[in-house]
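Visitor: I would like a close look at a single part of this structure. Please keep it brisk.

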Amino acid sequence: MRIGVPKEIKTLEHRVGLVPSSVKELHSHGHEVYVETGAGQGINFTDQDYEEAGAKILPNAAAVFDTADMIIKVKEPQPEECKMLREDQILFTYLHLAADAEQTQGLIDSGCVAIAYETVTGPNGHGLPLLEPMSEIAGRLSVQVGAFYLQKHMGGLGRLISGVPGVRPADVLIIGGGVAGFHAAQMAVGLGANVTILERSNPRMRFLDEYFHGRANVIYSNLDIIERAVKAADVVIGAVLIPGASAPKLVTRKMLKTMKNGSVIVDIAIDQGGCFETSRATTHDEPVYTEEGVVHYCVANMPGAVALTSALALNHSVLPYAIDLANKGWKEALKDNSNFANGLNICHGKVTHKEVAQSLNLDYVPFKQAA
Ligand SMILES: NC(=O)c1ccc[n+]([C@@H]2O[C@H](COP(=O)([O-])OP(=O)(O)OC[C@H]3O[C@@H](n4cnc5c(N)ncnc54)[C@H](O)[C@@H]3O)[C@@H](O)[C@H]2O)c1
């Protein structure tokens, strides 16, 4: 199969659909990979690195879209990219169509086969394996960011997250102990902070309790404990998710007023609306603002800050699926794996993902009928 990797054109996106090591792997399976010149330059992968991995470099996106049977990207296609997609061409990338009628229409009009990373499910329908690496990164990054903004000259209260001998460490409160919350807790514990995780799922609390074995307090999340824990915390990390719904506003403005001046909140769940009443989405250009004396970090695409790690982690998750698509063709690959088939969002002008169709008020056509 001919696989195409265009340069990402969304503002401030430095990741790339395939890194050279993934190209090498696909090449070793007998596939041809075409990469737009400069596609990896944002994270220091040169055209030469790609050529050494077996890719052919093309001068622009139009040439890549023209040549490839399958396009592998990171971000959803921008309008000019949608126009370059062809009937029967496979598009494998993040799409997030449920709130994007324009892109959905663009993909419908193209006739392409669009498979979204974010709706591919894990074994037995559990988990979202192509979203998980981004939650892991956001979780780990949240502690780094929290520690940074605790510094006095960054607007913080001037506490070192680890403390020093004789001076206590920071209190880090993590609300939601799922993928992001777990990885945040690992980092915070590693730095020597005093860590509390609030969770609501009993099986998850058991797992966290067993894993941290006293190195983090794992407590059932309710209004009373949130009020008390938020007041005591130096850093609060919001990492809750209720699948298919906006994040619940668990920390109110009134609670925020009880926090110390210069304490920090990191609202990872901001991409689902945020779990703090006072959160509003920020960008890497201007990541923080202060309200009620509390520094707010609410960047909706945190992994973008560590584009190199993000691109590599995403590639490790995506590559087995990409190889499957390239080796078998999309119909066979999806027929063989119903969890992979859950990734199919648009096929030959039909919407093949139920929730996407529902949220955009479009007709839903099951995969087997659309294929
Ligand atoms: N900002 C970013 O750049 C970025 C990056 C990746 C993920 N995210 C977001 O981070 C959030 C968390 O993602 P995840 O993959 O960790 O989800 P997850 O499903 O693995 O974890 C969410 C956890 O929240 C818990 N929860 C639900 N309600 C709760 C409550 N009231 N109190 C305490 N815990 C509660 C659930 O039991 C679950 O364990 C999502 O909104 C996701 O979209 C943001």
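How do the residues of the shell around the ligand divide into nonpolar, polar and charged? Please start there, then follow one helix of that shell in detail.

Guide: A note first: this is a predicted model. The shell around the ligand divides into 19 nonpolar, nine polar and four charged residues. In total, 32 residues surround the ligand. The closest are Ser135, Gly176, Gly178, Ser221 and Met302. Some elements give two or more residues to this shell: helix H6 (132-149), helix H7 (179-190) and strand E8 (194-199).

Take H7 as the part to follow. Helix H7 has 12 residues. From its first C-alpha to its last, H7 reaches 17 Å. That is close to the 16 Å expected at 1.5 Å a residue.

Now its surroundings. H7 is largely enclosed by the rest of the structure, because nine of its 12 residues are buried. The cut-off behind that word is 20 or more other C-beta atoms within 10 Å of a residue's own. The buried residues of H7 begin with a run: Val179, Ala180, Gly181, Phe182, His183, Ala184 and Ala185 are among them. Met187 and Ala188 are buried too.

What covers them? Helix H6 and strand E8 are part of the cover over the buried residues of H7. Both also give two or more residues to the ligand shell. The cover further includes strand E7 (171-175), helix H8 (202-212) and strand E10 (235-238). Just after H7, glycine 192 takes a positive phi of about 90°.

Next, the wider setting. The domain assignment gives domain 1 as 2-120 + 307-370, and domain 2 as 132-300. The centres of the two domains, taken over C-alpha atoms, are separated by 33 Å. Contact between them involves six residues of domain 1 and four residues of domain 2. On the domain 1 side, the touching residues are three nonpolar and three polar, with no charged residues.

Last, the sheet. An open sheet of eight strands runs in the order E3-E2-E1-E4-E5-E6-E14-E15, with mixed pairing. Its edge strands are E3 (56-58) and E15 (350-351), and each pairs on one side only. Further in, strand E6 (residues 113-116) and strand E14 (residues 344-347) run antiparallel, joined by three bridges. One pair can be named there: valine 113 has cysteine 347 in E14 as its bridge partner.

Terms used
Residues are numbered from 1 along each chain as its sequence is written. This is a predicted model: local features need pLDDT of at least 70, side-chain atom pairs count only at pLDDT 80 or more; totals for chains, interfaces and linings use all residues. A residue is near a molecule or strand if its C-beta atom, placed from the backbone, lies within 6 Å of it. Helices (H or I, at least four residues) and strands (E, at least two) are DSSP runs, numbered from the N terminus. Ala, Val, Leu, Ile, Met, Phe, Trp, Tyr, Cys and Pro count as nonpolar, Asp, Glu, Lys and Arg as charged, and the others, Gly among them, as polar. Two strands pair if DSSP finds at least two bridges between them. The expected span of a helix is 1.5 Å times one less than its number of residues. Two residues are in contact if their C-beta atoms, placed from the backbone, lie within 7 Å. Domain bounds come from an automatic or database domain assignment.
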